[in-house]
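The following exercises concern one protein structure. Please work through each task before reading its solution.

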Amino acid sequence: MLEESESKEPAMNPFQKNESKETLFSPVSTEEVPPRLLSPPKKPTPKICGSNYPLSIAFIVVNEFCERFSYYGMKAVLTLYFLYFLHWSEDSSTSIYHAFSSLCYFTPILGAAIADSWLGKFKTIIYLSLVYVLGHVVKSLGALPIIGGQMVHTVLSLVGLSLIALGTGGIKPCVAAFGGDQFEEKHAEERTRYFSVFYLSINAGSLISTFITPMLRGDVQCFGEDCYALAFGVPGLLMVIALVVFSMGSKIYRKPPPEGNIVTQVAKCIWFAISNRFNNRSGDIPKRQHWLDWAAEKYPKQLIMDVKALTRVLFLYIPLPMFWALLDQQGSRWTLQATRMNGNLGFFVLQPDQMQVLNPLLVLIFIPLFDLVIYRLVSKCGINFSSLRKMAVGMILASLAFAVAAAVEIKIDRMTPPQPGPQKIFLQALNLADDEVKVTVLGNKNNTLLEESIKSFQKMPHYAQLHLKTKSQDFHFYLKYHNLSVYTKHSMEEKNWYSLIILEDGKNISSMMVNVEENKTTNGMTAVRFVNTLHKEVNISLGTDISLTVGEDYGVSAYTTLQSGEYPAVHCRTEDKNFSLNMGLLDPGAAYLFVIINRTSQDPQAWKMEDMPTTKLSIAWQLPQYALITAGEVMFSVTGLEFSYSQAPTSMKSVLQAAWLLTVAVGNIIVLVVAQFSGLVQWAEFILFSCLLLVVCLIFSIMGYYYVPIKPEDLQEPADKQIPYTQENMINLETKKTKL
């Protein structure tokens with residue numbers, strides 16, 4: 001059949017119809033496409049204050065600000081919510097955090113497909129914003145302690161996060177492009193400035209929300225604990241405002257109809273080329289210059305050229321996920337690191353999850369600094385600082401940031417007291433008698449806890465370590481007080497902290513053993529407990545929702561967590577008297593013991609002692625690593641997207657955006673896998689990521705060295721050369737599965 005056709009029409013290309021140039025430059029389908037109806041003349045769109053900026057972009061920019069506030073505000077407290085509300089481990093909290101982040105960057109493909117092929121951008125944003133709001137509602141309900149138990153909270157949280165991921169990811173590729181649609185082609189300069197304002201609104205929303213929502217979580221108490229429901233509810237309210245504001249501009253928006261999903265066209269073109277080459281792998285068939293040329297039987301030459309240019313850029317994308325694997329750990333591993341540091345800066349107590357505010361703040365500072373100062377100085381020095389070199393330097397800076405984070409982690413570990421291991425305990429003695437007491441541990445080589453006698457109300461400098469013969473053991477203590485010798489016995493179990501409290505009862509003394517629980521005060525909270533030496537029960541009010549009762553005659557309370565800060569007058573009462581206790585300044589992350597005593601005719605007082613050692617390293621030590629990784633982000637992310645867009649054809653911009661977001665998703669999956677299966681201590685994990693990124697940077701640099709940048713004129717081929725393969729090149733093609 002092919003030979004007959006060739007003999008009858010030797011000069012006619014069977015794939016070359018009488019098409020216009022515009023038809024050749026657009027993706028082609030084998031199906032018939034009905035002609036489009038001419039749209040009626042458009043009304044002039046209202047402008048902002050007589051400028052060339054459409055009024056509609058004001059609604060879009062406000063919508064983006066509120067949506068980014070909603071997303072980053074919720075995400076800022078997410079890791080601590082997993083850790084302290086759902087009581088997951090640090091590895092599980094990190095894994096779920098990055099699984100959620102990854103899902104948020106997979107769903108843009110779905111959102112783009114819905115917008116381009118079915119609903120259009122406007123309806124897609126409206127419908128998926130409703131899903132977004134529903135996700136926030138479910139997530140906030142899952143953070144209410146009074147609703148269900150642990151399983152209910154977990155299910156509601158995961159369902160809410162899934163809906164949020166679908167909402168935020170689905171509208172992500174639509175909002176910015178929809179704003180660009182509001183401009184006429186003759187106002188290209190105004191459109192460029194709009195995207196700058198749009199990017200500014202993203203960082204402004206992130207900056208404000210990552211500062212406010214941790215305060216809503218920590219400074220407000222709900223049901224006697226951190227108010228995660230409020231920290232999730234306020235971002236949900238901002239998403240409602242975003243939806244309302246966006247809907248208000250409905251009548252003045254320009255709403256282009258769906259034009260078909262170019263992502264699908266590209267995928268079909270690539271698949272057809274691969275399958276066609278596989279079906280025609282005979283040695284008798286002439287080879288083609290490029291593997292994508294095997295799609296010429298079905299797709300126009302211009303589309304194939306565009307896909308070729310796209311694949312060259314996508315090849316450079318292969319190493320990029322490792323950079324995102326490091327960058328996105330600011331909200332997980334770095335936040336967990338901040339929980340073990342002292343957030344008291346003197347003038348302000350910084351919550352661990354508030355450190356993330358440094359990233360958007362530094363982005364707003366670094367972008368003009370790099371563009372207006374650093375890049376210009378480098379250019380004046382005669383250095384060719386190309387886009388690929390900027391991206392490689394950005395990788396190196398991120399690698400250095402994790403090396404600094406590892407050094408900070410090692411310093412924290414050195415300052416953190418060691419934990420009692422198997423068949424070991426830590427013990428301290430607290431002397432509440434009116435004179436010194438000497439304590440000796442019998443049956444353990446008669447060790448004294450201290451070389452000297454323990455003075456009355458002496459603050460112990462450290463815990464003593466005792467060894468057990470089994471997992472649980474009885475210890476005998478000899479107490480020497482004045483002329484009295486007292487023998488006492490206490491049972492203790494391995495891997496625990498204990499306080500031996502020496503009591504005075506008239507002229508006699510006795511002792512009791514209290515298990516010092518390892519307190520989870522690493523979220524910036526402070527833990528306190530009380531010993532009541534009075535002969536009456538004391539009720540203590542530590543806040544609007546926090547109160548506890550301490551029993552009479554050396555009653556010991558359980559630990560209670562509260563916000564750090566000054567507590568000069570804590571209200572207390574007994575059955576016949578009200579009084580106040582001065583607890584002084586409570587450092588974040590510390591655990592304190594307060595002994596209520598009354599040795600004078602005045603009101604009872606509180607004697608304060610640090611119950612368990614805590615890390616004194618300031619949270620400000622994280623500033624260098626945040627500065628390094630943000631500088632790396634500016635050089636890598638902003639430059640990389642700009643370079644990618646300049647190297648891809650106009651018709652491939654949406655495909656490139658989807659691929660860029662996919663690299664972020666893959667990066668989060670890398671963190672998830674490492675967190676679950678590495679089994680490394682934290683500083684070693686930071687070093688691992690740092691070294692991996694250096695290796696990837698080397699590979700990327702080699703790839704960039706051999707990359708030949710495409711000039712804009714190379715993306716277009718003259719019309720007289722846009723002729724697919726002629727019939728003589730396809731005489732022996734296998735056509736069973738390929739429709740020509």
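**Exercise 1.** Which residues in helix 4 are buried?

*Solution.* The model is a predicted one. Step one is to recall the cut-off: a residue counts as buried when its relative accessible area is under 20%. Step two is to list the residues of helix 4 that meet this condition: L78, T79, L80, Y81, F82, L83, Y84 and F85. Step three is to draw the conclusion for the helix, which spans residues 78-85. Because 8 of its 8 residues are buried, helix 4 is largely enclosed by the rest of the structure. As a final step, consider what follows in the chain: H87, just after helix 4, has a positive phi of about 60°.

**Exercise 2.** Determine which residues form the nonpolar patch on the surface, and which helix gives the most to it.

*Solution.* Begin with the members of the patch, which are L103, F106, V666, I669, V673 and F677. Together they have about 510 Å² of accessible area. Next, assign the patch to its elements: helix 5 (90-119) and helix 17 (653-677) each give two or more residues. Helix 17 gives the most, with 4 residues. Finally, examine one member, V666, which lies in helix 17. V666 has a relative accessibility of 35%, and therefore counts as partly exposed.

**Exercise 3.** Describe the order of the strands in the open sheet, and identify its edge strands.

*Solution.* First, write down the order of the 4 strands, which is 6-3-9-10, with mixed pairing. Second, find the strands that pair on one side only: these edge strands are strand 6 (464-467) and strand 10 (508-516). Third, note the geometry: neighbouring strands of this sheet are turned by 30° against each other on average, direction ignored. Fourth, inspect one pair in detail. Strand 9 (residues 496-505) and strand 10 run antiparallel and are joined by 9 bridges. Within strand 10, V516 is the residue that stands opposite W497. In general, the strands of a sheet pair through backbone hydrogen bonds, either parallel or antiparallel.

**Exercise 4.** Locate R312 and state which residues it touches, leaving aside those up to four places away in sequence.

*Solution.* Start with the position: R312 belongs to helix 11 (residues 301-317). Then consider exposure; R312 counts as partly exposed because its relative accessibility is 31%. Next, list the contacts, which are Y707, V708 and I710. Lastly, compare sequence with space: R312 and Q647 are 335 residues apart in sequence, yet their C-alpha atoms are 8.8 Å apart.

Notes: Residues numbered from 1 in each chain as written. Predicted model: local features only at pLDDT ≥ 70, side-chain atom pairs only at ≥ 80, totals over all residues. Heavy atoms only, no water. Patch = residues over 30% accessible without salt bridge, like charges linked within 9 Å, V, L, I, M, F, W, Y side chains within 5 Å. Areas by Shrake-Rupley, 256 points an atom, 1.4 Å probe, with all protein chains shown as cover. Salt bridge = Lys/Arg side-chain N within 4 Å of Asp/Glu carboxyl O. Buried < 20%, exposed > 50% of the residue type's maximum accessible area, 1.4 Å probe, protein only. Pairing = 2+ DSSP bridges. Axes fitted to C-alpha atoms, helices over the stretch in contact; angles between N-to-C directions. Contact = heavy atoms within 4.5 Å.
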